[in-house]
Structures are given as structure tokens and as C-alpha cells.
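Visitor: I have a model open and would like to go through it with you. Could we start at the ligand and then move on to the sheets and helices?

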Amino acid sequence: MIYLSTPIYYPNDRPHIGTAYTTLVADAVARYWRLVGEEVYSVTGVDEYGLKIARAAEDHGVTPQEWVDSIVGHFHETWALLDMSFDDFIRTTEERHRNTVQPLLQRMYDAGDVYKGHYEGPYCVACEAYYTAEQLVDGKCPVHKRQVEIHSEDNWFFRWSRYGDRLLEHVAANPEFITPDTRRNEVIGFIQQGLEDISMSRSSLSWGIPLPWDDSQVAYVWFDALINYVSAAGFSDDPDRFVKQWPVWAHLVGKDILRFHAVLWPAMLMSAGLALPRQIAVHGWLLVGGEKMSKSNATQILPSDLVPTFGADGYRYHFLRDVSFGPDGNFSWEGMVDRYNADLANDFGNLVNRVLNIAVSYRGGNVPAVSDHGAAEEAVLVATAAEALAALDGFAEFRTKQALDGVWRLFGAANAFVEATAPWHLAKNPEMAGRLDQVLNAALESLRVGAVLISPVMPSAANKLWAMLGLPGGAGDGPLATTGVFGTFPAVTVTKGDPLFPRIEVP
Ligand code: MSP
């Protein structure tokens, strides 16, 4: 079972292209595993408690519950706009979550990992994180570059310090636990500096989940938020599923929440006696003009700003092809237009038009199912298709670019194949009718394989192409080991359709 998670997002605003990036990678990877034939459970959701949300509600003159209820719809709308296919959407205000958080915190308490203490120090409300004076940059939060607040209260503490050695052992014994390696090294360095116990509750806030042993305090929002991964797996409301589904295959996270996921979360799981996730996969930030996107510097771009021009598929393609999972990536409108026109309108779109046109013009859309693809020209195509299929493994390691590069080599080879075999010449010579059938069949078969291979990234274009090819079911039906292999295009009727990716004219 592939259990895959995104972070749960703060519903303080609409999702932007940065938050959509994590969600999109998770969706493409989930679709890939479904295509392979694996059972998948992919989850996203919202992180509704905490001071940040309570303050946003207060600023808008509504209760926190009213506030989150008014925002959550934007997440559903955005994920639908981008063709996301999640199995679950969790809200931390749900019963199933409270019924998971309380027993898990109780387990940590029973393990002797919780004690009462006094907390005083800098707190960044935007991160919902405690900092030490040394971690601040010019006295400000290192992530948001905003003023921190000094918080001082009697809280419950979690004995994080107890887990340093066990965490280091786990990281050493499981090289795949944190990826990429740069992030793994960062985590090792952080743990080696020594972990300090961390406040796990708030007494000055009521917008949260009460501690089971002290209902005058609520759980610190990260202690409740991280547990969402256990809640969504069915811990309290579907224990049979939980047994099947736990532990997580991969948590996808941005680099700003690395420590919470790679250091705090495993310690909490160890304390609560649950297995650790197989992997924490960490990506960088999407930058606009070299800066992390933010509302305050007016660089915030929403998916709804881009989808009307590029379509959901064009959007998905760009971010999965041009942003490598790991380092920071820069967003630019010009870059997105260039990529769309070059790869989607030209390479792929023209190939589809051309091949369907000739199949319809020369054979009325009915190309016989010839299986002989042994000619020298076809050999290149068959080999490139096999490499493209192999490159799709990149999805298992979040290397979406690698997977797409492979498919684009196939489209390049198919374009070259059509040029080299020149069906328009073959069609003029009745003696070449058999060769024309072979060529048309191989060209259509490349489109069929291409539709399968792009389906995790561009599900809608893949299915439109599938329908034009006259094939039954959908391009993503799988299993990939069968449908992704270059064979014989079946004797069906293909039709021409509207261009999949009309060119974007730049004024
Ligand atoms: N609520 C916490 C996560 C709790 S998970 C148990 C949170 N929420 S968030 O909405 O602030 O951010 C969620 C994710 O969005 C993070 O992984 C963060 O890295 C990502 N991004 C936010 N802005 C981003 C960019 N500009 N670029 C890429 N990802 C960014 O943190």
C-alpha cells in the first residue's frame, strides 16, 4: 500500500502556486502508482487550529470555526481546478482527528515523556514555531523575516531530548529516510547539536485540542497537526484500514517544515509506539523574482491566475517538468509560455495532429493491426518507447522531470519517424500500401504509449487523446507493465479532434 501525504495547509488564505506545488507532485506520484497497479491512499487537508488561524478569524470578526469553514472551500475548488485525485481530505477540526490526537498524546504521557514546565522565548506566529535567540536572523523569523513575539507561559513539555540518539541511529540505518541527501545532512547536523525539550501545549489559547490529562491546555498546533497522518490512516474510525495502511510510504514537505517532519514527528511516533514513515521527501520553494512568494511583497500567484491560459494540464506539465523536486525553483510567466508552446503546442500537439490526420486521410481512420515493427525506422521508436517506460520510475523518487524527459524523447522520435518514413509519399504508391499500414500503426502506437505515460501528469489530455484513438477505457487504467509497452496498435477507428494544446500567442 502506498500511503502518501502532503502537508496540511493553514487555511488562512487561498492556496497559491507554492502550496499547489507539493500537492501537485503528490497527485502525479499517486497517479503513477495507481497506473503501476499499486493500491494507493493519498491525503491532503488543512491545519485548522492554532494561534495563526485564531488571529485570522479575529481580524475578520468571526469565530475560528466560522473562519475555517469559510476558507476550506477554496482548497477544494483549487484542487478540483488542478485535477487533483486525492483519496482523502482531512480537516483537523474533524472528530476522527480529535479521537486520534488525544489517545496518542496520552500514550506519550504514559511513556513518561511529558512534564510540566515554564516556556519563555521567541515565537513566530506565521510558522507557529518556537525559536531560540540564536536561530533568529536580525532578531526576526528566519523563514518569514517577520517580527517574532516573546511568549511566556506554563506549559507541558515533551522530552524531545530523549530521542536524539535513537533518531540518529534511525537516519543512519535508513539512508532513504530523508531525501535529498542535503536535507538528510541538515537533519543530522541539527540532531547532533543536541535536542532540547519542546513545549507541546498552550494555556493562553483555547482554539485547539484539549490535552487528555489537563483540559485547561490545548495541544500546541504542530503536535496536533503532525498526528493528522495517523488520523487520516483510520486510527480512530477505521482500525482495519489503519493496520493495512500504516506506516506512511512518503511524506512530501517543503524545506521550511523539515525539522518538524524529520526530527519532531519521528520522536513523537517513537514515544507513542508507532512505526516511522519510510520516507520524508523534501522540496525547495517556488520563488518569484528570486524571492519566496508572499502576499506582503505582492508576488503571490494563484493557480486560478494561470489555468485559464494554460489549462490544468498545461499548468501541471510546467511545474512537474521545470521545477526539480529538491532545490528552489523560479517561476516566470515567460518561461511557462515558452515551455507550453515548445513542448505541448509543438512537439506533442503537432505530433498528435499530424498522425491522426494521416491516419484519417489515408485509411479513413481504420488502420489494420499490423504487428511487424521490425524495420530499421521502427527500431528507434521501439527502443525509445522502452526507455521512456523505464524513465517513468522517476516518479517513485519524485523525479518528475526525468519521467517527462523520457516521454518527450519518445515524442521526438515519433516526429522524426513520421518525417523519415514520409507516409505522404508512401500513400502515392499503391505498391507501398503494406508499408504505409506498418508506418501508420507504429505512429499510432507511439501515441497510445505516449498517452499512457503522460497520464499521471496530464490526465485530461491523456484521456482526450485516448478517446481520439478510439481506445476503450482511459489512458491511466493500467497496469503500466502491460499498457506502457510498445506493441501493436489495435484495429479501432481513430478520429481527429480539436487541438489538445492550442498555441499561446504572445502579444
Ligand atoms: N500547516 C503547516 C504544515 C503542517 S503539516 C503536519 C504549514 N502549512 S503552510 O500552509 O504554511 O505550508 C504548507 C506547505 O506549503 C509547506 O510544505 C511549505 O513548504 C509549502 N509552501 C509554502 N510556500 C511555498 C512556496 N513558495 N514554494 C513551495 N512550497 C511552499 O506549514
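Visitor: How far is an oxygen atom of the ligand from a polar backbone atom of Tyr10?
Guide: That distance is 3.2 Å, where a polar contact is a pair of N or O atoms within 3.5 Å, and within protein one must be able to donate a hydrogen and the other to accept it, with residues adjacent in sequence counting only if both atoms are side-chain atoms. This is a predicted model, in which local features need pLDDT of at least 70 and side-chain atom pairs count only at pLDDT 80 or more, while totals for chains, interfaces and linings use all residues. Residues are numbered from 1 along each chain as its sequence is written, and side-chain values use heavy atoms, with hydrogens and water left out.

Visitor: Which residues come nearest to the ligand?
Guide: Of the 24 residues around the ligand (a heavy atom within 4 Å), those that come nearest are Ile8, Asp47, Gly254, Asp256 and Leu286. For Gly254, a backbone N or O atom lies 2.9 Å from an oxygen atom of the ligand, and a polar backbone atom of Gly18 is 3.3 Å from a ligand nitrogen atom.

Visitor: Switching to the sheets, what is the strand order in the one with six strands?
Guide: The order is 3-2-1-12-13-7, in an open sheet with parallel pairing; strands are DSSP runs (E, at least two residues), as are helices (H or I, at least four), numbered from the N terminus, and two strands pair if DSSP finds at least two bridges between them. Strand 3 (88-91) and strand 7 (178-179) are at the edges with a single partner strand each, so one side of each has no neighbour in the sheet.

Visitor: And which strands does helix 3 touch?
Guide: Helix 3 (residues 64-81) packs on this sheet against strand 1 (2-9), strand 2 and strand 3 (contact means heavy atoms within 4.5 Å). Its direction makes about 160 degrees with that of strand 3, with axes fitted to C-alpha atoms, for helices over the stretch in contact, and angles from 0 to 180 degrees between N-to-C directions.

Visitor: What about the sheet of four strands, how is the pairing there?
Guide: Its pairing is antiparallel, in the order 5-4-6-8, and Phe158 stands opposite Ile198 in strand 8.

Visitor: Last one: at what angle do helix 13 and helix 16 pack?
Guide: Helix 13 (residues 376-391) and helix 16 (residues 433-454) pack at about 10 degrees, with axes 11 Å apart. They are therefore roughly parallel (under 35 degrees).

Methods
Angles under 35 degrees count as roughly parallel, over 145 as roughly antiparallel, 65 to 115 as roughly perpendicular and the rest as oblique.
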